[in-house]
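Subject: The structure you asked to see

Hi there,

Here is the structure, with the sequence alongside. Please open it up while you read, and I will walk you through what turned up.

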Amino acid sequence: ISVILKMDEFEQQCKAAADILKDPEIEGIIIGSGAGMGADAGLGTYRGQNAGVWPPLEKLGIEYTEIANPQFLREDPTTGWAFFHFTTGKYRDTPPHEGYNIVNKWSQSKPLGLFSLTSNVDGHWRRVMSADRVVEIHGSLQYLQCSTPCGDYIWELQTDDIQVDPESPEKAVKSPNCPHCGVSARPNVLLFSDARWVSDRFDEQQQRFMSWKRQFEGKKKVAIIEVGAGLAVPTIRQKCVELAKELRAPLIRINLEHSAIDSREAMGVKAAIEIKATALQAFKEIDNHM
C-alpha cells in the first residue's frame, strides 16, 4: 500500500520558490531584508511578535521611535548612549543565523551572485558575504559620525567608546566625541526625524548596487527575495516590489505576519510567491527543494 502525502501550502510555496531559484536562466539574486531577518538569531524586532530591542524601554516608558531619534540623544545622552551600547553589543556578540549562509550558498551557482539590500543596522550581512555586495540603506551601528555634523566624516565605533554604569545599565558614563571638532558623536544610522545623517557610506554602497543591477536591464534575469520587512517602515518592501517591476523579476516574500502580496504589488511582477514563516524556517524548507 502506497501512501501519498500532499504538501501543505507552506511546502508548496517553498517548492515554488526553489523552482525559481534553481532556474538556470536566473543569473543573480537580490535579497531585501528587514528586522525580521535577525529574529531567528535572537535579535529583537521593533514591532510584532519578536518586539523588544532594549529591556529598559518599557520600564522607562520610552517608545523605540523616541529613543532612536537624534533629538533624544541630544537631550538625554546618558540614556540614549546606554541604549546604543546595548544594541551595538548585542549585534556584535550575536552571530548571524544559518539562514544567511543558506542564501549565500544558493548564489554560488549564479554567474552574477548575490546582492543584499537591508534596512538592518546590525552589520550581519557583511559578516557572511563580500561587503561590496551589501547596501545598508539606514546605515550601520558599527560606524559613527559628528552630531553637528562638522563634515562628511564617518569612522568605526570601538568597543570601549561607550561605557555604562555597571549598577545602572540604563545610564551611560562614557560616550564618543567627534575627533575633528570635539562635539558629541552619534551613530551613523538614519534615525527617526533625522535631518543630519551623513549618507556618504550608503551612497557609495548604492552606486555599486546600481552598477551591478544594470546587468539585468537587458536579457539577463534576476530573482528577488524579500524577507522580514514590516509595514511600519516599509522601505524594503517598497524597494523589492519596485525592483521586481522594473526588472520583470519574480518576487518571493517571506514574512511571519505580513506575507500577502496584493494585486497592486503583483502587477508587472513576473511571479509572486508568499511564504508565511520566519526567515530561517523558510530558507531551510526552500533549501530542501533545491
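Before the strands, one term: two strands count as a pair if DSSP finds at least two bridges between them. Please also keep in mind that this is a predicted model.

**The three-stranded sheet**

With that in hand, look at strand β4 (residues 139-146), which is joined to β8 by four bridges, the two running antiparallel. One of the places to check is Cys-146, whose bridge partner in β8 is Ala-185. Both strands belong to an open sheet of three strands, in the order β5-β4-β8 and with antiparallel pairing. β5 (154-156) and β8 (185-189) stand at the edges with a single partner strand each, so each has one side without a neighbour in the sheet. On average, neighbouring strands here are turned by 50° against each other, if direction is ignored.

Two helices are worth finding next. Helix α5 (residues 77-93) lies across β4 and β8, and runs at about 140° to β4. Helix α8 (residues 200-213) packs on the sheet as well, where it touches β4, β5 and β8. The direction of α8 makes about 135° with that of β4.

**Around β10**

Now move to strand β10 (residues 250-254), where five of the five residues are buried. Pro-250, Ile-252 and Ile-254 point one way from the strand, while Leu-251 and Arg-253 point the other way. What does β10 pair with? Strand β9 (residues 221-227) is joined to β10 by four bridges, in parallel, and Ile-224 has Leu-251 of β10 as its bridge partner. Between these two strands the chain passes through helix α9 (residues 235-246), a β-α-β crossover that is right-handed. Strand β11 (residues 271-275) also runs parallel to β10, joined to it by five bridges. In that pairing, Arg-253 stands opposite Glu-274 of β11.

**One residue to click on: Ile-29**

Is Ile-29 buried or exposed? This residue sits in strand β1 (residues 26-33). Its relative accessible area is 0%, and the cut-off for buried is under 20%, so Ile-29 counts as buried. Setting aside neighbours within four places in sequence, Ile-29 is in contact with a list of residues that includes Leu-21, Trp-106, Phe-115, Trp-212 and Val-222. Leu-112 is 83 residues away from Ile-29 in sequence, yet their C-alpha atoms are 8.0 Å apart in space.

Happy browsing, and do write back with any questions.

Best wishes

Notes:
Residues are numbered from 1 along each chain as its sequence is written. This is a predicted model: local features need pLDDT of at least 70, side-chain atom pairs count only at pLDDT 80 or more; totals for chains, interfaces and linings use all residues. Side-chain values use heavy atoms; hydrogens and water are left out. Axes are lines fitted to C-alpha atoms, for helices over the stretch in contact, and angles run from 0 to 180 degrees between N-to-C directions. Contact means heavy atoms within 4.5 Å. Buried means under 20% relative accessible area, exposed over 50%, partly exposed in between (1.4 Å probe, protein chains only). A crossover is right-handed if, with the strands pointing away from the viewer, the path from the first strand over the helix to the second runs clockwise.
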